[in-house]
Protein chains: 2
Amino acid sequence: MSQSPKKSADQTVPTSTDVARLAGVSRATVSYVLNNTSAVRISEPTRRRVRAAAEELGYVPHAAARSLRAGHTRMVLLPTAHIPVGPLYGTFFNELHWALRDLDYTVVQYGSLGLTGDEAARAWAELRPVAVVSLGEITLNPRGVQLLKRSGAKAVVTLGAQRVEGAHSLVMDQREVGIAAAGHLLERGHRRIGAVVPEEPGLEIFSKPRLAGLRKAVTGTGATVEPLAMRYDEESAAALAARWRDLALDAVFAYNDEYAQLLMRALQDAGVDVPGHTAVMGADNLLMGKLLRPRLSTVQLELPPGQYLADLIDRLVRHPSEDVEDSGLMGAYAVPRESS
Amino acid sequence: MSQSPKKSADQTVPTSTDVARLAGVSRATVSYVLNNTSAVRISEPTRRRVRAAAEELGYVPHAAARSLRAGHTRMVLLPTAHIPVGPLYGTFFNELHWALRDLDYTVVQYGSLGLTGDEAARAWAELRPVAVVSLGEITLNPRGVQLLKRSGAKAVVTLGAQRVEGAHSLVMDQREVGIAAAGHLLERGHRRIGAVVPEEPGLEIFSKPRLAGLRKAVTGTGATVEPLAMRYDEESAAALAARWRDLALDAVFAYNDEYAQLLMRALQDAGVDVPGHTAVMGADNLLMGKLLRPRLSTVQLELPPGQYLADLIDRLVRHPSEDVEDSGLMGAYAVPRESS
DNA sequence: TTGAAAGCGCTACCAT
DNA sequence: ATGGTAGCGCTTTCAA
């Protein structure tokens with residue numbers, strides 16, 4: 001063990017009372033000094049004494065006590081169930097973090113693995129966040145939104161496939177991905193389109209709307225869409241590739257670039273020519289796609305800048321009654337390369 | 001705007017006092033009922049009345065008030081600066097989450113983007129977490145550890161390359177990765193080994209020790225290690241590949257599988273035979289590596305099970321004085337495939 | 001310029 | 001079986 005137990009005798013956490021005592025002032029003065037309260041003038045020597053005392057004791061204010069007194073927090077809660085993967089969401093997340101921090105909010109990610117919508121909403125409400133940004137992994141229902149608002153959340157924003165009653169919903173409709181993919185494949189003359197649907201749990205919220213978009217774009221064109229269950233492993237891909245000729249497809253939208261790479265390799269190993277026999281299309285436009293041979297056609301997604309969302313949240317927090325328009329915010333367009 | 005402003009007239013958050021009033025009991029009784037306090041017997045009819053009142057008001061207890069009263073929290077803080085990428089860390093994270101939740105801890109990820117070690121430690125301490133698990137992205141120094149412990153953190157655990165004084169350090173020495181890679185490459189007879197060092201910020205904490213491990217393993221063998229700066233984009237990889245013959249290397253450890261894929265493609269496009277002219281080795285054993293041609297040799301990392309860490313934290317929380325051995329916990333071994 | 005004190009919401013001790 | 005109440009740490013009004 002690397003800790004030396006010699007100093008840890010004073011196991012008591014220093015409070016502003018301790019600082020006040022050491023500095024020889026009242027708790028009020030301590031609060032004034034450490035918060036730079038401008039409405040009150042404190043002499044410079046006193047300020048120094050207080051700061052020195054705080055420093056010496058290693059005083060850190062108690063956030064819970066502070067927000068209890070204040071009646072509200074500056075916490076923006078970002079519930080996460082699955083860690084979002086990929087540079088797209090990563091970048092968006094980071095941008096949002098920075099922007100919110102600039103606006104003086106405390107950003108907290110709260111793991112909500114395996115909670116139902118109601119349990120999750122309750123757990124979040126206990127923390128009394130001033131805003132909640134749900135990325136659509138968790139099913140936040142109208143009742144949950146109501147609960148959060150009643151618990152003091154000024155802004156409840158959902159980013160996801162569907163609008164949620166009561167919340168401010170930024171609709172990032174993953175169907176756009178399917179629509180963009182279908183548009184491209186149809187344009188290239190493909191008619192029997194397969195659609196990979198990952199079997200891994202947690203991906204339905206992406207895969208289902210992507211498939212739905214594909215179907216929607218295809219209606220009335222005479223083309224067909226065939227869902228193809230597949231896991232993200234070689235065996236599953238090989239099994240799918242083995243029955244490829246029976247499927248009689250001339251194109252496949254592989255859910256995303258990673259599944260596309262996996263399937264394309266399996267198809268090639270099974271002697272299926274890409275794109276001669278079957279076109280393959282991914283999504284997310286990972287760098288990887290350009291490195292494959294043939295180069296992978298994909299769908300590029302565009303998320304709103306994190307700054308935009310941060311500003312929206314800030315506006316909602318300050319003027320909760322304000323009418324802010326919901327809007328469809330995710331763009332998706334095909335990036336044709338060699339595989340289709 | 002999708003919210004109807006009709007019901008939001010009562011903007012007041014219900015407290016246990018409101019529940020008590022509605023149920024016609026005291027706040028104490030409300031507390032007893034809602035917390036199932038076993039030390040006190042409450043009649044069944046009363047319980048029902050209280051629960052009904054809580055339900056009707058949409059009462060949610062105030063976590064801050066509760067922990068203020070209790071004098072401690074059950075919060076485990078996981079600071080995050082960069083979102084950890086890759087399935088390895090993702091799985092580890094999820095496991096840890098589940099295990100801690102099972103032990104009745106509240107897991108909170110706290111974004112600490114761009115904070116210095118001292119600022120970060122202070123910000124964390126304000127939340128009075130009972131435990132802090134730093135994944136080594138942030139430089140937590142001994143002073144910070146001290147601050148956290150003084151603020152009531154029973155367990156401060158760091159997972160990273162180096163031990164931190166005062167904290168319980170699980171050393172996950174990334175040098176092992178370099179050592180494993182070098183071992184394999186030397187065994188195959190390579191002598192002039194390149195080492196890709198990503199130029200992207202935030203990766204130094206991995207890349208530096210990996211390089212150091214490579215160097216360490218090579219000392220005394222007569223082989224040499226040549227650092228090669230590279231960004232994760234095609235231009236940078238192509239530029240590196242263009243001067244490949246001048247470098248006169250017979251092997252390269254490419255930091256990880258993704259950089260390896262990128263570089264290998266660039267080398268092939270530049271007419272460099274892999275592995276004939278130059279062996280390429282990645283790390284992290286992504287599925288992708290098996291799909292490349294030649295199949296990518298890599299280094300497999302092994303992290304401790306999340307359950308292990310959760311149990312460790314729980315033990316430290318309950319018996320802070322307990323002597324728990326620090327231990328090197330990351331395993332790394334070469335997975336030879338065709339590219340080397 | 002500084003201090004005394006109320007009170008945020010909650011739980012747990014002590015009465016009744 | 002239930003209620004009264006002190007007090008966790010903090011900020012802020014009001015008084016001095």
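This report describes a predicted model of two protein chains and two DNA strands.

## Basis of the model

In this predicted model, local features need pLDDT of at least 70 and side-chain atom pairs count only at pLDDT 80 or more, while totals for chains, interfaces and linings use all residues. Residues are numbered from 1 along each chain as its sequence is written, chains are lettered from A and ligands numbered from 1 in the order in which they are written, and side-chain values use heavy atoms, with hydrogens and water left out.

## Relation of the two chains

A turn of 180° and a shift of 0.1 Å along the axis lay chain B on chain A with an RMSD of 0.1 Å. That is the relation of a two-fold axis. The superposition is by least squares on the C-alpha atoms of residues with pLDDT of at least 70 in both copies.

Of the interface residues of chain B, 100% are also interface residues in chain A, so the copies meet through the same surface.

## The sheet of chain A

Chain A has an open sheet of 4 strands in the order β7-β6-β8-β9, and the pairing is parallel. Its edge strands are β7 (224-230) and β9 (279-281), each of which pairs on one side only. The twist from one strand to the next averages 25°. Here helices (H or I, at least four residues) and strands (E, at least two) are DSSP runs numbered from the N terminus, and two strands pair if DSSP finds at least two bridges between them.

Strand β6 (residues 192-198) of chain A pairs with β7(A) in the parallel sense over 7 bridges. Within this pairing, A:V225 in β7(A) is the bridge partner of A:I193. Helix α9 (residues 204-218) of chain A packs on the sheet and touches β6, β7 and β8 (251-253) of chain A, its direction making about 170° with that of β6(A). Helix α12 (residues 257-269) of chain A also packs on the sheet; it touches β6, β7, β8 and β9 of chain A, and its direction makes about 160° with that of β9(A). Contact means heavy atoms within 4.5 Å; axes are lines fitted to C-alpha atoms, for helices over the stretch in contact, and angles run from 0 to 180 degrees between N-to-C directions.

## The sheet of chain B

In chain B, 4 strands form an open sheet in the order β7-β6-β8-β9, with parallel pairing. The edge strands, each pairing on one side only, are β7 (224-230) and β9 (279-281) of chain B. Neighbouring strands of this sheet are turned by 25° against each other on average, direction ignored.

Strand β8 (residues 251-253) of chain B and β9(B) pair in the parallel sense over 3 bridges, and B:A251 stands opposite B:A279 in β9(B). Helix α8 (residues 175-187) of chain B packs on the sheet, where it touches β6 (192-198), β8 and β9 of chain B; its direction makes about 155° with that of β9(B). Helix α12 (residues 257-269) of chain B lies across β6, β7, β8 and β9 of chain B and runs at about 160° to β9(B).

## Surroundings of DNA strand C

There are 27 residues around DNA strand C, of which B:S16, B:R27, B:Y32, B:Y59 and B:R69 come nearest. Sugar and phosphate account for 56% of the atoms of DNA strand C that come within 4 Å of the protein. A residue is near a molecule or strand if one of its heavy atoms lies within 4 Å of it. Helices α2 (27-34) and α4 (63-70) of chain A, together with α2 (27-34) and α4 (63-70) of chain B, each supply at least two residues of the surface near this strand. The residues of that surface divide into 11 nonpolar, 10 polar and 6 charged. In this division, Ala, Val, Leu, Ile, Met, Phe, Trp, Tyr, Cys and Pro count as nonpolar, Asp, Glu, Lys and Arg as charged, and the others, Gly among them, as polar.

Phosphate oxygens of DNA strand C have partners in both chains. One lies 2.9 Å from a polar side-chain atom of A:T29, and one is 2.6 Å from a polar backbone atom of B:S16.

## Surroundings of DNA strand D

Of the 27 residues around DNA strand D, A:S16, A:R27, A:Y32, A:Y59 and A:R69 come nearest. Sugar or phosphate holds 57% of the atoms of DNA strand D within 4 Å of the protein, and the rest belong to bases.

A backbone N or O atom of A:S16 lies 2.6 Å from a phosphate oxygen of DNA strand D. A base oxygen of this strand is 2.9 Å from an N or O atom in the side chain of A:Y32.

## Backbone features

A cis peptide bond with omega of about -5° joins A:R293 and A:P294, and A:P294 is found in the loop between α13 (287-291) and β10 (298-302) of chain A. In chain B, a cis peptide bond joins B:R293 and B:P294, with omega about 0°.

Methods
A polar contact is a pair of N or O atoms within 3.5 Å; within protein, one must be able to donate a hydrogen and the other to accept it, and residues adjacent in sequence count only if both atoms are side-chain atoms.
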